[in-house]
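Here is a short report on one protein chain. Look at the sequence and the 3D structure first, then read on.

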Amino acid sequence: MMDLDRLKRAIAIDSDVFDDVLTLCLNAAESKVQNSIGTKYPDFYADNYLYDLAVIQLADHYFKNRSATTQKGEVPILYGVNEIILQLKPKYRIYAQKQEMSDENDS
């Protein structure tokens with residue numbers, strides 16, 4: 001889906017020092033967003049700017065808040081990510097219905 005270089009450009013990191021951590025954050029963000037919406041049809045996420053934005057925001061959030069402890073208390077998931085997930089859920093359902101109808105017609 002999203003590659004590491006694109007994430008690094010989006011969050012303005014031009015070093016390779018954090019590549020392992022950023023890859024972990026990117027994979028976790030993609031997993032979180034997809035699991036919140038649906039995983040049966042991964043093609044839904046290709047060239048989906050809302051999905052890309054949610055993944056970038058969440059990966060950046062994970063990267064900047066990766067400590068197990070904080071003095072700020074609980075760090076909630078970004079409002080924008082939840083908002084995008086809520087927008088994508090019905091779009092995913094419509095996409096899934098179209099895919100299932102197409103599969104039925106092909107049978």
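The report goes from the overall fold to the core, the salt bridges and the surface.

**Overall fold**

This is a predicted model. The chain has four helices and zero strands. Read from the N terminus, the order of elements is α-α-α-α. Along the principal axes, the C-alpha atoms fill a box of roughly 55 × 30 × 20 Å. The chain has 107 residues, and 35% of them are buried.

**The nonpolar core**

Which residues touch the most other members of the largest nonpolar core? They are Leu7, Leu22, Val33, Ile37, Val55, Leu88 and Tyr92, out of 28 residues in that core. The elements that give two or more residues to this core are α1 (4–10), α2 (19–37), α3 (49–64) and α4. Helix α3 gives the most, with eight residues.

Ile37 also serves as a reference point for a residue in another part of the sequence. Asparagine 82 and isoleucine 37 are 45 residues apart in sequence. In space, their C-alpha atoms are 11 Å apart. Asparagine 82 lies in helix α4. Its relative accessibility is 35%, so asparagine 82 counts as partly exposed.

**Salt bridges**

How many salt bridges are there? The count comes to four. Three of them are set out here.

| Pair | N to O distance |
|---|---|
| Arginine 6 and aspartate 52 | 2.9 Å |
| Lysine 8 and aspartate 19 | 2.8 Å |
| Aspartate 60 and lysine 64 | 3.2 Å |

Start with arginine 6 and aspartate 52, whose side chains meet in a salt bridge. Arginine 6 lies in helix α1 and aspartate 52 in helix α3, so the pair ties together parts that are 46 residues apart in sequence. The two partners differ in cover. Arginine 6 has a relative accessible area of 35%, so arginine 6 is partly exposed. Aspartate 52 has a relative accessible area of 8%, which is under the 20% cut-off, so aspartate 52 is buried.

Next come lysine 8 and aspartate 19, which form a salt bridge. This pair links distant parts of the chain: lysine 8 is in helix α1 and aspartate 19 is in helix α2, eleven residues apart. Are lysine 8 and aspartate 19 buried or exposed? Both are buried. They also belong to a wider group: Lys8, Asp16 and Asp19 are linked in a network of salt bridges.

The pair of aspartate 60 and lysine 64 stays within one helix. Both residues lie in helix α3. They are four residues apart, about one turn of the helix. Aspartate 60 is buried, with a relative accessible area of 17%. Lysine 64 counts as exposed, because its relative accessibility is 58% and the cut-off is over 50%.

**A charged patch on the surface**

Where do negative charges gather? Glu100, Asp103, Glu104 and Asp106 form a patch of negative charge on the surface. One of these residues, aspartate 106, is found in helix α4 (residues 79–106). Its relative accessibility is 65%, so aspartate 106 counts as exposed.

**In short**

The chain has four helices. Helices α1, α2, α3 and α4 each give two or more residues to the largest nonpolar core. Arginine 6 and aspartate 52 join α1 to α3 through a salt bridge. A patch of negative charge that includes Asp106 lies on the surface.

Methods
Residues are numbered from 1 along each chain as its sequence is written. This is a predicted model: local features need pLDDT of at least 70, side-chain atom pairs count only at pLDDT 80 or more; totals for chains, interfaces and linings use all residues. Side-chain values use heavy atoms; hydrogens and water are left out. Patches are made of residues with over 30% relative accessible area and no salt bridge: like charges are joined within 9 Å, nonpolar side chains (Val, Leu, Ile, Met, Phe, Trp, Tyr) within 5 Å. Accessible areas come from the Shrake-Rupley method with a 1.4 Å probe; for residues, only the protein chains shown count as cover. Lys and Arg count as positive and Asp and Glu as negative; His and the chain ends are not counted. The place of a charge is taken as NZ of Lys, CZ of Arg, CG of Asp or CD of Glu. Buried means under 20% relative accessible area, exposed over 50%, partly exposed in between (1.4 Å probe, protein chains only). A nonpolar core is a set of buried Ala, Val, Leu, Ile, Met, Phe, Trp, Tyr and Cys residues joined through side-chain atoms within 4.5 Å.
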